[in-house]
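Subject: Structure for your review

Dear colleague,

Please find below the structure that I am handing over to you. My notes on what was found in it follow directly after.

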Amino acid sequence: MKLEQAVKALGSYVLALLMAAHIENKGTLEIRVRELFSVPPFLVSLVLTIKVWVPDQPQLWVLKAWVLLLLGSWLLQGASVMYAPPDSPCLLYTSDAADEE
């Protein structure tokens with residue numbers, strides 16, 4: 001059980017480091033969003049690390065669930081901000097659309 005929790009914590013640390021490290025050749029918006037995205041995985045890994053040493057704490061269960069829900073909602077919101085679908089109304093008024101007319 002402790003090994004499983006330790007591996008989950010390590011995976012969360014890797015996710016936090018990936019979010020923080022992959023900012024090369026990105027726009028300003030994507031850099032800021034990725035910096036924000038590195039916070040919840042770090043918090044999850046911190047909670048999971050604490051759970052290895054102090055198991056069976058209901059406060060940690062609630063904190064882990066809350067941070068995972070926060071991460072999921074942030075990822076969904078960030079994806080909708082950074083990656084607009086091709087038929088999005090905001091893409092209709094780009095310079096390419098103005099050149100075609």
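Is Leu29 buried, partly exposed or exposed? With a relative accessible area of 48%, Leu29 is partly exposed, because the range for that class runs from 20% to 50%. Please bear in mind here and throughout that the model is predicted.

Leu29 is a convenient place to begin. Leu29 belongs to helix 2. Leaving aside neighbours within four places in sequence, Leu29 is in contact with Val81 and Met82. Along the sequence, Leu29 and Val81 are 52 residues apart, yet their C-alpha atoms are 9.1 Å apart in space.

Overall architecture

The chain contains five helices and zero strands, and its pattern along the sequence reads α-α-α-α-α. Of the 101 residues in the chain, 24% are buried. Among the contacts with a separation of 6 or more, 64% are between residues 24 or more positions apart.

Helix 4

Helix 4 covers residues 58–82 and has 25 residues. From its first C-alpha to its last, helix 4 reaches 36 Å, which is close to the 36 Å expected at 1.5 Å a residue. Which residues of helix 4 are buried? They are Leu60, Val67, Leu70, Leu71 and Gly78. The elements that cover these buried residues include helix 2 (28–37) and helix 3 (39–53). As background, an α-helix has 3.6 residues a turn, so residues three or four places apart point the same way.

Helix 2 against helix 3

In general, two packed helices are described by the angle between their axes and the distance between the axes. For helix 2 and helix 3, the axes come within 4 Å and cross at roughly 15°. Helix 2 is therefore roughly parallel to helix 3, since angles under 35 degrees fall into that class. The contact brings Glu35, Leu36 and Phe37 of helix 2 to Val39, Pro40 and Pro41 of helix 3. By character, the residues of this contact divide into five nonpolar, no polar and one charged.

Another residue of helix 2 to note is Arg32. Arg32 is exposed, with a relative accessible area of 58%. The C-alpha atoms of Arg32 and Ala20 are separated by 9.9 Å, with the two residues twelve residues apart along the chain.

Helix 1 and its surroundings

Ser12 is located in helix 1, which spans residues 2–21. At a relative accessible area of 13%, Ser12 is buried, because that class takes in values under 20%. What does Ser12 touch, not counting residues up to four places away in sequence? Its contacts are Pro41, Val44, Ser45 and Leu48.

Ala21 also lies in helix 1. Ala21 is exposed, with a relative accessible area of 54%. Ala21 and Ser38 are 17 residues apart in sequence, and the distance between their C-alpha atoms is 9.4 Å.

The aromatic pair

How many aromatic pairs does the structure hold? It holds one. The pair is formed by Tyr13 and Phe42 and is edge-to-face, with 6.1 Å centre to centre and 65° between the planes. The pair links distant parts of the chain, with Tyr13 in helix 1 and Phe42 in helix 3, 29 residues apart. Tyr13 counts as partly exposed at 28% relative accessibility. Phe42 likewise counts as partly exposed, at 42% relative accessibility.

The loop between helix 3 and helix 4

A final point concerns Asp56, which is placed in the loop between helix 3 and helix 4. Asp56 has a positive phi of about 60° although it is not a glycine. Is Asp56 buried or exposed? At 61% relative accessibility, Asp56 counts as exposed, because values over 50% belong to that class.

In looking through the structure yourself, you may wish to begin with Leu29 and its contacts Val81 and Met82, and then turn to the pair formed by Tyr13 and Phe42.

With kind regards

Methods: Residues numbered from 1 in each chain as written. Predicted model: local features only at pLDDT ≥ 70, side-chain atom pairs only at ≥ 80, totals over all residues. Heavy atoms only, no water. Helix = DSSP H or I, 4+ residues; strand = E, 2+ residues; numbered from the N terminus. Expected span 1.5 Å × (residues − 1). Buried < 20%, exposed > 50% of the residue type's maximum accessible area, 1.4 Å probe, protein only. Contact = heavy atoms within 4.5 Å. Axes fitted to C-alpha atoms, helices over the stretch in contact; angles between N-to-C directions. Parallel < 35°, antiparallel > 145°, perpendicular 65-115°, else oblique. Nonpolar A, V, L, I, M, F, W, Y, C, P; charged D, E, K, R; others polar. Phe/Tyr/Trp six-rings, centres within 6.5 Å; stacked < 30°, edge-to-face > 60°.
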